[in-house]
Amino acid sequence: MNIFPQLKPVTAGDYLPHAEFPWLLAVVLVTILPHFPHLPYWIITVTLATLLYFFLRWQRGYHAVSAWIKVPVVIGVAAAIAIELSYNFQFNQASIAALIFCISIKLLELKGRRDVMVIVALGYFLLLTHYFYAQDFLTGLWLFASALVVTAALLHLYDDPANPALKTLKTAFFLLLQAIPLALVLYLLFPRIDHPLWGVHKPQSSQTGLSGTMRPGQISKLVESNEIAFRVQFFGPIPPRRQLYWRGPVLSQYDGQNWTVNDYQPQAPPIEARGEPVRYSLTLEPHHRLWLLPLEMPTSFTGVANAYFIRSGVLQSQYPITSRTRLEFVSYPEYRLDRGELPRISRYINLQLPAGRNPRAQEFARRLWAENPTPEQMSARLLRFFREEPFYYTLDPPLLGANAMDDFIFNSRQGFCEHYASAFVVLMRAAGVPARAVTGYLGGEVNPVDQVLTVRQSAAHAWAEFWTAENGWTRVDPTAVIPPERTSREILNQQTGNSPEFMDIALNAATWLQKTRYYWEALNNSWNQWVLGYTPERQREFFSRFGLSNPDLKKISLFFAAGVTLCLILLAFFILRKRRQSLEPAWAIWLAACKKLNRQGIETEPWETPFALVKRLKTTYPERPELNTALSHLARLVCAVRYENAPVPMRLLKKARTRLERCP
């Protein structure tokens with residue numbers, strides 16, 4: 001198979017083959033379909049209506065649509081996009097919507113191959129815009145398949161229209177494979193920057209993960225999501241679940257209903273590390289917040305420039321996490337935080353309670369403190385209270401009134417982790433002990449395929465901390481003391497029957513789906529680590545392995561230019577060598593003989609046939625009969641092999657060429 005098809009030259013007004021129209025429709029569909037979930041319904045409707053109209057016109061005999069129809073439609077859609085840009089769209093969204101409309105409306109004015117080239121070029125460009133919304137492995141597969149279709153449409157335009165689609169796709173596939181080495185060089189050597197050149201900033205409503213506030217019911221809604229929050233690869237044994245607390249926002253301000261962050265002081269708290277360190281890498285999904293969610297308690301980290309601690313022990317970035325981010329940490333699950341003297345402002349904030357709220361809870365806390373006059377005793381007494389009293393753990397707790405903690409502690413006694421953490425902190429503060437709420441994630445699921453710990457939004461959790469001078473801030477998880485029998489669970493729908501046969505089928509299906517999910521998530525994680533995780537830091541590490549000290553942007557750019565040049569030289573050599581190998585041996589001998597004549601001052605033309613050259617040289621050089629005889633003999637042998645399929649031995653051809661080269 002010739003993987004270098006000879007494309008015939010065309011002009012702008014060449015005839016457009018009817019068989020090209022399905023390819024154009026396929027180009028438009030594969031490039032615009034992934035954008036539909038991010039576009040308003042009206043632009044989707046207009047686009048699909050345009051494609052349907054094109055399909056009907058193609059079936060009935062295509063001709064371009066009149067400008068009297070196209071111009072009003074274009075003006076109307078442009079005005080609608082401008083209005084959306086003013087109210088709903090980001091600039092990139094408006095640009096993508098305009099490109100999608102342009103590539104679809106272009107189908108209605110096809111007059112020649114130049115118009116097809118415009119559609120193909122727009123198709124290639126639209127493929128790049130898919131990464132604005134998703135960058136996972138499935139998106140990469142879709143883009144490769146889409147690029148295959150677009151390239152095949154381009155080949156089909158300049159190839160024989162009678163060629164089957166499978167042959168065209170095969171040729172396009174080989175062309176894309178040839179582009180992989182250059183793409184790999186561009187990927188590795190193109191200078192990386194810390195921030196993207198552009199990005200789609202999602203509105204506030206689309207943000208996922210923990211927020212900087214906590215109110216009853218907020219986390220219980222978050223845990224209904226199965227989206228991945230982050231993945232963790234440990235460089236050693238995985239710590240036990242009781243140590244897997246991933247620290248997020250620390251909430252100190254309480255107004256009776258909502259907990260909010262009150263500490264913004266960029267100062268690392270005194271951390272006394274104890275026990276063995278845990279080293280790990282954390283790949284954080286974009287959550288459009290500042291916090292980095294390390295395992296409690298981190299002492300060193302790399303991967304995010306300008307990250308910093310705040311006084312409450314929260315590690316956060318200077319900018320919101322808007323793209324997948326890989327970090328490396330060293331944490332100590334056993335630690336003492338802020339031991340010694342607590343700053344006066346911090347003590348005041350973490351003792352504050354709203355005036356006039358929850359009087360029963362405050363009175364109850366004072367009575368318990370009289371019986372348990374140390375923070376440790378008070379904490380143990382409250383945990384025993386939650387465990388022994390009929391408190392229930394549920395995702396659907398009843399609504400609470402103005403005195404939310406009074407209602408929860410003495411009336412409903414049904415809640416999620418934020419209810420128990422809030423109640424514990426309020427009771428400790430009422431007893432005069434500094435306390436605060438902490439939100440983050442607890443635990444995670446180990447993927448048996450690659451041993452990566454996956455933490456989902458469903459692992460969102462809230463716990464509490466109280467302070468003593470001897471131990472600093474001590475973590476307490478009131479939710480953990482609720483007995484399992486007082487935890488509400490959703491029951492499977494029994495209407496389908498509960499026969500043993502049905503349960504076996506359901507169990508086998510669940511096991512198979514679980515294994516499939518493990519393999520898929522491991523594949524996606526590898527894609528994230530080795531493809532999307534190629535950050536500027538990892539690029540500098542890559543160059544450092546080759547002896548380039550302190551690789552800055554200038555040095556990387558020089559290596560990039562050198563690498564691309566070398567790749568293009570190798571590609572050109574491969575193409576020329578392939579073309580030379582594709583020549584028939586007899587014709588290759590003839591071309592070599594012509595080059596020899598050129599070096600002797602005898603001009604040969606590439607368009608001349610062997611016999612035409614022999615005839616011309618006999619007229620031009622009658623004084624060289626030996627040369628003319630040798631050339632005539634070689635020409636007869638070459639034409640016999642090439643045009644008559646004569647079984648001429650290769651040694652005779654080489655002998656004839658040697659005779660020609662020795663002629664005076």
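Two strands count as paired if DSSP finds at least two bridges between them, and I kept this rule beside me while looking through the sheets of this predicted model.

**Entry: the sheet of 3 strands**

I looked up the order of the strands and found an open sheet of 3 strands, arranged β1-β5-β4, with antiparallel pairing. At its edges I noted β1 (213-214) and β4 (253-254), each of which pairs on one side only. I then followed β4 to its partner β5 (residues 259-260), and I counted 2 bridges between these antiparallel strands. For a single pair of residues, I wrote down that Tyr 254 has Trp 259 in β5 as its bridge partner.

**Entry: the sheet of 6 strands**

Next I turned to an open sheet made of 6 strands, whose order I read as β8-β11-β7-β2-β17-β16, again with antiparallel pairing. Here β8 (298-302) and β16 (445-446) are the edge strands, and each has a single partner strand, so one side of each is left without a neighbour in the sheet. From β16 I moved to β17 (residues 453-456), and I found that the two strands pair in the antiparallel sense over 2 bridges. Within this pairing, Val 446 stands opposite Leu 453 in β17.

As background, I reminded myself that strands of a sheet pair through backbone hydrogen bonds, either parallel or antiparallel.

**Entry: strand β3**

Is strand β3 mostly covered or mostly uncovered? I checked residues 245-251, which make up β3, and found the strand mostly covered, with 7 of its 7 residues buried. I also looked for a partner, and I noted that 5 bridges join β3 to β15 (residues 435-442), the two strands running antiparallel. One of the residues I traced across was Val 250, whose bridge partner in β15 is Val 438.

**Entry: helices α2 and α3**

How do helix α2 and helix α3 pack, and at what angle? I found that α2 (residues 41-59) and α3 (residues 67-87) pack at an angle of about 160°, with their axes 11 Å apart. Angles over 145 degrees count as roughly antiparallel, and therefore I recorded α2 and α3 as roughly antiparallel to each other. I added that their crossing is left-handed.

Looking at the residues in the contact, I saw that α2 contributes Trp 42, Ile 43 and Val 46, which meet Val 77, Ala 80, Ile 81 and Glu 84 of α3. Sorted by kind, the residues of this contact between α2 and α3 come to 6 nonpolar, no polar and 1 charged.

How values were computed. Residues are numbered from 1 along each chain as its sequence is written. This is a predicted model: local features need pLDDT of at least 70, side-chain atom pairs count only at pLDDT 80 or more; totals for chains, interfaces and linings use all residues. Side-chain values use heavy atoms; hydrogens and water are left out. Helices (H or I, at least four residues) and strands (E, at least two) are DSSP runs, numbered from the N terminus. Axes are lines fitted to C-alpha atoms, for helices over the stretch in contact, and angles run from 0 to 180 degrees between N-to-C directions. Angles under 35 degrees count as roughly parallel, over 145 as roughly antiparallel, 65 to 115 as roughly perpendicular and the rest as oblique. A crossing is left-handed if the near helix is turned anticlockwise from the far one by less than a right angle, and right-handed if clockwise. Contact means heavy atoms within 4.5 Å. Ala, Val, Leu, Ile, Met, Phe, Trp, Tyr, Cys and Pro count as nonpolar, Asp, Glu, Lys and Arg as charged, and the others, Gly among them, as polar. Buried means under 20% relative accessible area, exposed over 50%, partly exposed in between (1.4 Å probe, protein chains only).
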